[in-house]
There are 2 protein chains.
Amino acid sequence: MDIETSLFAFSALSQKTRLDVFRLLVKAGPEGMFAGDIADALGVRQNTMSTNLNILLRAKLIRNEREGRAIRYRADFDGIRGLLSFLVEDCCGGNPEHCAPLLDTLVCDCWETEND
Amino acid sequence: MDIETSLFAFSALSQKTRLDVFRLLVKAGPEGMFAGDIADALGVRQNTMSTNLNILLRAKLIRNEREGRAIRYRADFDGIRGLLSFLVEDCCGGNPEHCAPLLDTLVCDCWETEND
DNA sequence: TCGACATATCTAGTATTCTTGAAATATGGA
DNA sequence: TCCATATTTCAAGAATACTAGATATGTCGA
């Protein structure tokens, strides 16, 4: 995770609709939700939601996958974990034996992590 | 942590100078840094830094304390923890036995937490 | 109390971001 | 192929945020 991606990710989360979307997808769990259902759930116009979903995607905070003509979105826990690791990097001048493992548990048991 | 404070906090972290400041203070540890030294370290004008420090303060991401004529700033780990808890609240529809404890360790051993 | 130092506040010009109507792209079924 | 559905892209006006010069406030030492 570099500084540019981090800034973009925090910027993505600093807007109400997008923060609502991310938290909604966290609640939805690994099953995720279709783009249209997300827009309906939050009462946001479809094209506005599309723009906001794209911003969350580029920020690596969510992922998507086409299923027929609908597109399913899921929270990206690997992404958020990378972001938070960057945020508290070199805590206290860098005592890896104390600080590095702190974020290792930031994934709910019901999510599968992909890489590590 | 409510939605307004969260949005403000993410907005605070979405600006390069402020993200740099927060990460610098995380690295600095409990000792923190004086406002002027922070501005010098990051090559930012004094009044601009003052404005940015105030934004981080209001976002509950840092704290300050006057020492003579200087003011010492520290990262606020309780604040960031509250923010992250809010972000992944009700993970997977809310299975507290799996998801709630995930953030409990998000404090470096070398920091003292104040309340819980 | 006076001057120097450390930091904060005010103001305004510039730049960036948000939303939306309109139009385009992609998919599946008849 | 033609149409309906699901979603994305484009363009522009409105709103918001960033920076910096000037100035104000607070603290210490002489």
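**Entry 1: DNA strand C**

I started with DNA strand C, which has 20 residues around it. The closest are A:Q15, A:N47, B:G36, B:Q46 and B:Y73. This is a predicted model, and I read every distance below with that in mind. I then asked which parts of DNA strand C come within 4 Å of the protein. Sugar and phosphate make up 63% of those atoms.

Next I looked up single contacts to DNA strand C. B:Q46 puts a polar side-chain atom 2.8 Å from a base nitrogen. B:Y73 places a polar side-chain atom 2.6 Å from a phosphate oxygen of the strand. From the other chain, A:R45 has a polar side-chain atom 3.0 Å from a phosphate oxygen.

Which elements build the surface here? At least two residues each come from α4 of chain A and from α3 (35–42), α4 and β3 of chain B. The largest share is that of α4(B), with 4 residues. I sorted the surface by class and noted 10 polar, 5 nonpolar and 5 charged residues.

**Entry 2: DNA strand D**

I moved on to DNA strand D, with 20 residues around it. A:Q46, A:Y73, B:R18, B:R45 and B:N47 come nearest. Of the strand atoms within 4 Å of the protein, 61% belong to sugar or phosphate. The rest belong to bases.

I noted two contacts to bases and one to phosphate. The side chain of B:N47 has an N or O atom 2.7 Å from a base nitrogen of DNA strand D. For A:Q46, a side-chain N or O atom is 3.4 Å from a base oxygen. The side chain of A:S50 brings an N or O atom to 2.8 Å from a phosphate oxygen.

I then listed the elements that give two or more residues to this surface. From chain A they are α3 (35–42), α4 (46–58) and β3 (70–75). From chain B there is α4 (46–58). Here α4(A) gives the most, with 4 residues. By class I found 10 polar, 5 charged and 5 nonpolar residues.

**Entry 3: the sheet of chain B**

I traced the strands of chain B next. In what order do the 3 strands of the open sheet run? The order is β1-β3-β2, with antiparallel pairing. The edges are β1 (33–34) and β2 (62–67), each pairing on one side only. Between β1(B) and β3 (residues 70–75) I found 2 bridges. B:F34 has B:R72 as its bridge partner in β3(B).

Two helices lie across these strands. Helix α2 (residues 16–28) of chain B lies across β1, β2 and β3, at about 85° to β3(B). α4(B) lies across β2 and β3 of its chain, at about 120° to β2(B). I note that α4(B) is also the element that gives the most residues to the surface near DNA strand C.

**Entry 4: strand pairing in chain A**

I checked β3(A) against its partners. Strand β1 (residues 33–34) of chain A pairs with β3(A) in the antiparallel sense over 2 bridges. Strand β2 (residues 62–67) of chain A pairs with β3(A) in the antiparallel sense over 6 bridges.

What stands opposite A:M33 in β3(A)? A:Y73 does. A:Y73 is also the bridge partner of A:N64. I had already met A:Y73 among the residues that come nearest to DNA strand D.

β2(A) and β3(A) form a hairpin with 2 residues between them. In the turn, A:G68 has a positive phi of about 65°.

**Entry 5: two loops and a buried threonine**

I looked for positive phi outside glycine. A:K60 has one, at about 60°. A:K60 lies in the loop between α4 and β2 of chain A. Its C-alpha atom is 8.3 Å from that of A:T5, although the two are 55 residues apart along the chain.

A:T5 belongs to helix α1 (residues 3–13) of chain A. Is A:T5 buried or exposed? A:T5 counts as buried because its relative accessibility is 19%, and the limit for buried is under 20%.

In chain B, B:D90 is not a glycine either and has a positive phi of about 55°. B:D90 sits in the loop between α5 (77–87) and α6 (96–99). With a relative accessible area of 38%, B:D90 is partly exposed.

Methods
Residues numbered from 1 in each chain as written. Chains lettered and ligands numbered in written order. Predicted model: local features only at pLDDT ≥ 70, side-chain atom pairs only at ≥ 80, totals over all residues. Heavy atoms only, no water. Near = heavy atom within 4 Å. Polar contact = N/O pair within 3.5 Å; in protein donor to acceptor, adjacent residues only side chain to side chain. Nonpolar A, V, L, I, M, F, W, Y, C, P; charged D, E, K, R; others polar. Pairing = 2+ DSSP bridges. Contact = heavy atoms within 4.5 Å. Axes fitted to C-alpha atoms, helices over the stretch in contact; angles between N-to-C directions. Buried < 20%, exposed > 50% of the residue type's maximum accessible area, 1.4 Å probe, protein only.
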